[in-house]
Amino acid sequence: MVNSQTLDEADRRLLALWAADCASRVVSLVDGDAECLDTITDAVERARAFGNGESTAAAEIKLRMRAVKAAGKADSPAGAAAARSVAQAAAVAHMSAHALGAAAYAAKAVSLSRGVDAVDDEIRWQVARLTPEQRRALALLPEVGCSEPGPLGPGLLSRGFLGGVVRRIQTSIAGE
């Protein structure tokens, strides 16, 4: 059985571009050594390459854990959240639901660096940035907290701050 959080490759490509846009807004917050920064920059470029049809899902799936490891080397909470946003964007080639993770971690990075008051503006920007095709693809994903395994299932993206951001994005899209 196919997981409903995966979607087809065309939709994953659409959502990889949005996720890369969300992550790019906070990539300047990533701190750490030069290798960490290079890995994060490369991961954003690869997410865009996948989104633009310049890379394959298989190639990106093999490399997606590099950004996760780099996130663990960030020096500050905001830097780690920004790096996790990039890691989530890089994982969209594997599963579409990671796009919402990229947005949620970007909002968390903004919260940690600029304060909670900046989060509303970030979420508004993220939702406004969506194309009609990307909105349609996101609307195909199950609600956060679903029982199915994956990013939107029980776990980090369904609880606390991150879960709240994902819910707000999903509610915003459903209300249109």
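This briefing walks through the overall build of one protein chain and then visits a handful of its residues. The model is predicted, so keep that in mind as you read. In short, you're looking at a chain with eight helices and zero strands, and buried residues make up 53% of its 176 residues. The radius of gyration is 14 Å, close to the 16 Å that the globule rule gives for 176 residues, so the chain is as compact as a globular protein of that length.

**The overall build**

- Follow the chain along its sequence and you'll read the pattern α-α-α-α-α-α-α-α.
- If you boxed up the C-alpha atoms along the principal axes, the box would be roughly 40 × 40 × 30 Å.
- Take the contacts between residues at least 6 apart in sequence: 73% of them join residues at least 24 apart.

**What the record says**

- The UniProt annotation "domain: Imm-5-like", from an unreviewed entry, covers residues 6-131.
- Over residues 6-131, the chain is 72% helix and 0% strand.
- The C-alpha atoms at the two ends of that stretch are 19 Å apart.

**Surface and charge**

- The accessible surface of the chain comes to about 8,000 Å², and 54% of it belongs to carbon and sulfur atoms.
- As for charge, count 20 positive and 21 negative side chains.
- The centres of those two sets of charges lie 3 Å apart.

**Start of the chain: L7**

- L7 is found in the segment before helix 1, which runs over 9-24.
- Here's a quirk to look for: L7 has a positive phi of about 65°, although it is not a glycine.
- Is L7 buried or exposed? Its relative accessibility is 17%, and buried means under 20%, so L7 counts as buried.

**Helix 2: T39**

- T39 lies in helix 2, which covers residues 34-51.
- With a relative accessible area of 19%, T39 is buried, because the cut-off for that label is under 20%.
- Leaving out residues up to four places away in sequence, T39 touches R66, A67 and A70.
- Now compare sequence and space: T39 and D121 are 82 residues apart along the chain, and their C-alpha atoms are 28 Å apart.

**Between helices 3 and 4: K73**

- K73 sits in the loop between helix 3 (57-71) and helix 4 (77-90).
- Its relative accessibility is 44%, and partly exposed covers values between 20% and 50%, so K73 counts as partly exposed.
- Which residues does K73 touch, not counting those up to four places away in sequence? They are D31, G32, E35 and C36.
- K73 and L138 are 65 residues apart along the chain, and their C-alpha atoms are separated by 31 Å.

**Two stops in helix 5: A102 and S111**

- A102 lies in helix 5, and so does S111, in a helix that spans residues 98-114.
- A102 has 0% relative accessibility and counts as buried.
- Setting aside neighbours within four places in sequence, A102 is in contact with A19, C22, S85, Q88 and A89.
- How far apart are the C-alpha atoms of A102 and A16? They are separated by 9.4 Å, with their positions 86 residues apart along the chain.
- S111 is buried too, with a relative accessible area of 16%.
- Beyond residues up to four places away in sequence, S111 touches V116, V119 and F161.

**Between helices 7 and 8: V144**

- Where is V144? Look in the loop between helix 7 (132-139) and helix 8 (160-174).
- Even though you'll find V144 in a loop, V144 is buried, with a relative accessible area of 10%.
- Not counting residues up to four places away in sequence, V144 touches L152, L157, S158, G163, V166, R167 and Q170.
- V144 and R13 are 131 residues apart in sequence and 21 Å apart in space, going C-alpha to C-alpha.

Notes: Residues numbered from 1 in each chain as written. Predicted model: local features only at pLDDT ≥ 70, side-chain atom pairs only at ≥ 80, totals over all residues. Heavy atoms only, no water. UniProt positions renumbered as here; feature names shortened; annotations may be inferred. Helix = DSSP H or I, 4+ residues; strand = E, 2+ residues; numbered from the N terminus. Rg over C-alpha atoms; globule rule 2.2 N^0.38 Å. Buried < 20%, exposed > 50% of the residue type's maximum accessible area, 1.4 Å probe, protein only. Contact = heavy atoms within 4.5 Å. Areas by Shrake-Rupley, 256 points an atom, 1.4 Å probe, with all protein chains shown as cover. Lys, Arg positive; Asp, Glu negative; His and termini not counted. Charge placed at Lys NZ, Arg CZ, Asp CG, Glu CD.
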